[in-house]
Amino acid sequence: MNAAAKLGAYMAGLALVFGGALGLGNVVGPMGGEPVKPSHGSGGHAVAAPAPQTTAGHGEHAAPAQQAKSNTPGGLQVSENGYTFTPLTTAIKPDEPTDFRFTVTGPDGKAVTDYQVQHDKKLHFIVVSRDLGTFRHLHPVEAGDGVWSVELTLPEAGAYRAFADFAPTGGQALTLGGDLLVAGDYTPKALPAASRTSEVDGYTVTLDGELLPGRQSKLTLKVSKDGKPVTDLQPYLGAYGHLVALRGSDLAYLHVHPDGEPGDGKTRPGPEIVFYAEVPSRGDYRLFLDFQHEGKVRTADFTLGAEQDSAADPDAKPTPGSTEHGADHKH
């Protein structure tokens, strides 16, 4: 057999092999099938994979595939639903004030300039250290052209997480997160020990209630000063207190909802502030309460574990189908 004949036979063999493989692939379908896509329920519940779709028969219309939603808690992604948190300041030195600037870009790739007001602000900006020992809730100002500016002072070198909490006009509320690095040597610290009492500037704040995986639960925080209940808390960003909850393992930013508001005729200005929190999993969480008294905002912090079964708490509620963002803070 000459060279041309050998080459022709070789090519015919390849065609047979690839043709057979293609036919087999069409028979068995994609390897592994479609991956399971979690839902975007506020309680962090995953849903089962959708049933396989069948081809519509003659004269029938195939039903459109329902887009599965993500159950990823807020703050774990730098980009979601086409919106992206983009820091413009990259150099931060320990214990030095920095004019930190950032933008949020929209699905069109342009900086977002139109926001809904939530808790008296268009955007809330929160920065925590990765070990959750440092917490800042800041209120940036618009510098123009979609750029936000805020003075940021971080106490020491290390890794931090920044959260932009906002709702674009006409869109859903989002919390986007990104890492910030402060140059220098640092030693990671363990999560603060579990505690239901926090002392700050002569105030004592106690926490009652449990975090229940997959359920809403009631948390009651009570503020006192010099052993006496504080009954004249002042409104701060439209509430008597604001609570941020962060999961210790990955800094997931969780939804916390205050019960009532100033001026509604039933919510008292202390000493108790009631919230409903929902956590998606077991584990340790850090909680940061901002409250205002005598013209100054202070933050009480707690470490609380979510281990108990939800049936043990009579105040637990099933996670609702939709929720809104809570959580506002600063110092």
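Reader: Where does proline 271 lie?

Author: Proline 271 sits in the loop between strand 16 (256-258) and strand 17 (272-278). Keep in mind that this is a predicted model.

Reader: Okay, and how do I read the backbone there? Which kind of peptide bond, cis or trans, runs from glycine 270 to proline 271?

Author: Start with the general idea: most peptide bonds are trans. Here, the bond from glycine 270 to proline 271 is cis, and its omega is near 0°.

Reader: What about phi? What is the phi of aspartate 95?

Author: Generally, most residues other than glycine have a negative phi. Aspartate 95 is not a glycine, yet its phi is positive, about 60°. You'll find aspartate 95 in the loop between strand 2 (83-87) and strand 3 (98-105). Leucine 237 also has a positive phi, near 55°. Look for leucine 237 in the loop between strand 13 (228-229) and strand 14 (242-247).

Reader: Which of the words "buried" and "exposed" fits aspartate 95, and which fits leucine 237?

Author: Compare the relative accessibility with the cut-offs: under 20% is buried, over 50% is exposed. Aspartate 95 has 54%, so it counts as exposed. Leucine 237 has 10%, so it counts as buried.

Reader: Now the inside. How many residues are in the largest nonpolar core?

Author: The general idea is that nonpolar side chains tend to be buried together in soluble globular proteins. In this model, the largest nonpolar core has 28 residues, and Leu211, Leu287, Leu289 and Phe291 have the most contacts inside it. Several elements give two or more residues to this core, including strand 12 (215-225), strand 17 and strand 18 (283-293). Apart from that core lies another, of 24 residues, with Ile92, Phe100, Phe125 and Leu174 among them.

Reader: Which residues does phenylalanine 291 touch, not counting those up to four places away in sequence?

Author: Among them are Val200, Tyr203, Val205, Val223 and Leu233. Phenylalanine 291 also touches Ile273, Lys296 and Arg298, to name some others.

Reader: How should I read a sheet? What is the order of the strands in the open sheet that contains strand 18?

Author: Follow the strands across the sheet and note how they pair. The order is 15-14-18-19, and the pairing is antiparallel. At the edges are strand 15 (253-254) and strand 19, each pairing on one side only. Between strand 18 and strand 19 there are 11 bridges. To see one pair of residues facing each other, find arginine 286, which stands opposite threonine 303 in strand 19.

Reader: What is the order in the open sheet with strand 8?

Author: That sheet has 4 strands in the order 5-4-8-9, again with antiparallel pairing. Strand 5 (135-138) and strand 9 (174-182) are the edge strands. From one strand to the next, the twist averages 20°. Strand 4 (residues 123-129) pairs with strand 5 over 4 bridges, and the bridge partner of phenylalanine 125 in strand 5 is leucine 138.

Reader: One last residue: is arginine 161 buried or exposed?

Author: Use the cut-off of under 20% for buried. Arginine 161 has a relative accessible area of 10%, so it is buried. Its place is in strand 8 (residues 158-166).

Reader: What does the side chain of arginine 161 make a polar contact with?

Author: With the side chain of aspartate 179, at 2.9 Å. Leaving aside neighbours within four places in sequence, arginine 161 is also in contact with residues including Gly75, Leu76, Gln77, Val127 and Leu251.

Definitions and conventions: Residues numbered from 1 in each chain as written. Predicted model: local features only at pLDDT ≥ 70, side-chain atom pairs only at ≥ 80, totals over all residues. Heavy atoms only, no water. Buried < 20%, exposed > 50% of the residue type's maximum accessible area, 1.4 Å probe, protein only. Core = buried A, V, L, I, M, F, W, Y, C linked by side-chain atoms within 4.5 Å. Contact = heavy atoms within 4.5 Å. Pairing = 2+ DSSP bridges. Polar contact = N/O pair within 3.5 Å; in protein donor to acceptor, adjacent residues only side chain to side chain. Axes fitted to C-alpha atoms, helices over the stretch in contact; angles between N-to-C directions.
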